Amino acid sequence: MADPTPLLSQSHLADPEPMLIPKHLPSLDESFERYIGDFGWAQLLQAFLVSFAWVFDAQQTFISVFTDAEPPWHCTELGTELCTSVSNICQLPKGSWAWDRPADTSIVSEWTLVCAGSIIKSLPASSFFMGCMVGGLVLATLADSSLGRKNMLFFSCLLMSATGILTIFSPNVWIYSGFRFLSGFGRATIGTCAIVLSTELVGKRWRSQVGVCGFFLFTLGFLSLPAIAYLSRGSSWRYLYLWTSVPASLYCVLVHFFVRESPRWLLVRGRKEEAVATLKSIGAVNNSSFTLSFSGLPFEEEETTNLHLYSVISILLEKRWALRRLSAVMTVGFGVGMVYYGMPLALGNLPFNLYWNVTFNALSELPASLIAFFFIERLNRKSSVLVFTMTSGVCSIMCVVMGEEWASLKIGLELVSFFSTCTAFDILLIYTIELFPTCVRNSAMAMVRQALVFGAVFCPVIVEIGMGNGYLSYGVFGVVIISCGLFVGCLPETKGGTLCDTMEEEENKERAAAASLISA
C-alpha cells in the first residue's frame, strides 16, 4: 500500500524548502476526524434527515397489525343460545352476527376472509416479509457498488411509499398481497442505508449515538401507528396507508435535494472531488488556512472501485476473517430477528385492547434505545449482545415453565424478554458497522438484516403453534435466541476502534491486534 499523506495541508505557507514528512502519517479515518471536527449543525441536520427514514420503515413493517386484524363482532339475535355459546364466528349462521364497525375497517371484514384458511389470511404479512427477503438479496450490494448510500435510500423509500399509495386501490386480497410484496421489496434496504449513511457522515466520537438515534425514530414510527389507527378506527383501512405513505413520499423529495452522499463511499469509488465537496459542506472545521490536497489523499483505491452487483459478496466470502465474522453475526441476527418480529405479530392473539397492546410493545423499545444511546460508548459490544440475548432467552423460557397462577409475573417476563431483544438488536447493528470496512459495510449490514428478516419468516408458524397455549411459542423463542446468541463469541471486540475503509486496512488492523496479544 502506498504511503499515505495528510488529507489537510497548510496552503498559506510559502516556504520554498520542502516540508519534512512526519514519521507517523494519519490514516484516512484520522484525516476524516481532523477535517470533520466536532459534531456541527450541518452534520446534525444530515444525520437526523437520513435517520428519519426509520419512522416510515417501522410504520410499513407493523401496519398489518391493524389493517389485517379481525374486527370485533356481536350477535344480532340475542335470544339465540347458539350465538352466545360459540366463540368461533365461522360456526354461526350467516345472519346471526354482524361486525361492530363498518366492513371496510379491515381487509378481513371487507373481503370476507374471516373463515378463509390461515394461509390466505396470513398471505399479506407473509408476502411483505418475502418481499423483504427478495429485496435484500437483489438490492444488497447496490449501495456499495454503484448507486451509493443516498441514491439507494431514495430509491427504497420511493418504492415503498409508491406501493403504499397503490395499495389503497387493491380490489382483493391477491392484489393487496402483491403490493405488500413490493412494499417489502423496497423497504428491505432502508434501515441499512439509513444507519450506514448517517454514521459515515459524522466523526468517531458521535458515530454510535447517531446510529442509535435511528432506533429512537423507529420507535417513534412504531408508536405513531396505534395513534393513527385509533384516530381513524371508524374509517376504511385504506386511510391508514394514505396517512403513512404520503408523508413518506414527501420525505423522498427531501432526501433527493438535501441529503449528501457518504464521503467515505465517494473516496472508495475514486470520486475524490465529490468527497471533498461533501466534507467542506458538512465539516465542523472552517479554517481558511487549510485546504484539501487532492493528490495526497491517504487512500489507495482498491479493486472494489469497479465492482459489479455481487462482487462485494464474493469478496466477503473469499476472505476467511470476513466470512467468519459474517456467518457469526448473521446467526446471532437470525435468533434476535425471530424474537423481535415474532412478539409483535402475536399481539392480536392477546385478550387485551389492540391499541394499548401495540403501544406498550412499542414503548418497550424506548428504554432499549435509551440504554444504547447513553451507554454505547461504555458497553463492550461482544459481552453486551451475549448478556441481552441470554436474558431474553431465559425470560422467554420462564414464561413457559411457570404456572398459570403467576400470570402477572409472566407478563413482566415477556416485557423484559422483548426489552432485552430490542437492546440486543440495537447493539448488534452498531456492532456490524464496526466489524466491516467501508467498501463492504453496506452489503454486510444488508446481509445481517436479511438474517433478521429470515428469522421473522418462521414467526407466523411459531405463533400458530402457540395459539392453544399462548406461552408455548415463547419457549421456542427462548431456545432459539440463546442458541444463536452464543455465536457472538466468534467475533472480535470493536469498542473504541477506528472504522477501516479497505479490506487490506482491516486485515492489517487484525494482524496488529493478534501481534499485540502474542507479545503481551
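Trainee: How far apart around helix α25 are tyrosine 474 and phenylalanine 477?

Mentor: This is a predicted model, so keep that in mind throughout. In helix α25, tyrosine 474 and phenylalanine 477 are separated by about one helical turn, because they are three residues apart. Both tyrosine 474 and phenylalanine 477 are buried.

Trainee: Which other residues of α25 are buried?

Mentor: Besides those two, the buried set in α25 includes Ser473, Gly475, Gly478, Val480, Ile481, Cys484 and Gly485.

Trainee: What span should α25 have, and what does the model give?

Mentor: Helix α25 covers residues 472-485, and at 1.5 Å a residue its 14 residues should span 20 Å. The end C-alpha atoms are 20 Å apart, which agrees. You can try the same check on helix α8, residues 123-139: with 17 residues, α8 reaches 23 Å from first C-alpha to last, close to the expected 24 Å. Among the buried residues of α8 are Phe128, Phe129, Cys132, Met133 and Leu139.

Trainee: What describes a pair of aromatic rings?

Mentor: Two things: the distance of the centres and the angle of the planes. Searching the whole structure turns up 25 aromatic pairs. In one of them, phenylalanine 62 and phenylalanine 218 have ring centres 6.2 Å apart and planes at 75°, so that pair is edge-to-face. Phenylalanine 62 lies in helix α3 (residues 53-62) and phenylalanine 218 in helix α13 (residues 204-231), so the pair ties together parts that are 156 residues apart in sequence. Both of these phenylalanines, 62 and 218, are buried. Now back to tyrosine 474 and phenylalanine 477: they also form an edge-to-face aromatic pair, 6.0 Å centre to centre with 90° between the planes.

Trainee: Which residues do ring pairs link into a cluster?

Mentor: The cluster is made of Trp54, Phe62, Phe128, Phe129, Phe218, Phe222, Tyr340, Tyr341, Phe418 and Phe425.

Trainee: And what sits over the ring of tyrosine 230?

Mentor: That's the charged end of arginine 233, 3.9 Å from the ring centre.

Trainee: Which members of the largest nonpolar core touch the most other members?

Mentor: Out of 117 residues in that core, the ones to look at are Trp54, Phe66, Leu153, Ile195, Tyr251, Tyr341 and Leu429. Take phenylalanine 66: setting aside neighbours within four places in sequence, phenylalanine 66 is in contact with Leu225, Pro226, Ala229, Leu240, Leu354, Tyr355 and Val358.

Trainee: Is threonine 163 buried or exposed?

Mentor: Compare the relative accessibility with the cut-off: buried means under 20%. Threonine 163 has 3% relative accessibility, so it counts as buried. Threonine 163 is found in helix α10, residues 148-167. Leaving out neighbours within four places in sequence, threonine 163 is in contact with Phe179, Leu182 and Ser183.

Trainee: What about threonine 112, buried or exposed?

Mentor: Threonine 112 counts as exposed, because its relative accessibility is 62%. Look for threonine 112 in the loop between α6 (107-110) and α7 (118-121). Its C-alpha is 9.9 Å from that of valine 173, 61 residues apart along the chain.

Trainee: What is the phi of threonine 112?

Mentor: Here's the general idea: most residues other than glycine have a negative phi. Threonine 112 has a positive phi of about 50° although it is not a glycine.

How values were computed. Residues are numbered from 1 along each chain as its sequence is written. This is a predicted model: local features need pLDDT of at least 70, side-chain atom pairs count only at pLDDT 80 or more; totals for chains, interfaces and linings use all residues. Side-chain values use heavy atoms; hydrogens and water are left out. A nonpolar core is a set of buried Ala, Val, Leu, Ile, Met, Phe, Trp, Tyr and Cys residues joined through side-chain atoms within 4.5 Å. Buried means under 20% relative accessible area, exposed over 50%, partly exposed in between (1.4 Å probe, protein chains only). Contact means heavy atoms within 4.5 Å. Helices (H or I, at least four residues) and strands (E, at least two) are DSSP runs, numbered from the N terminus. The expected span of a helix is 1.5 Å times one less than its number of residues. Rings of Phe, Tyr and Trp (its six-membered ring) pair if their centres lie within 6.5 Å; planes under 30 degrees apart count as stacked, over 60 as edge-to-face and the rest as tilted. A charge sits over a ring if NZ of Lys or CZ of Arg is within 6 Å of the ring centre and within 35 degrees of the ring normal.
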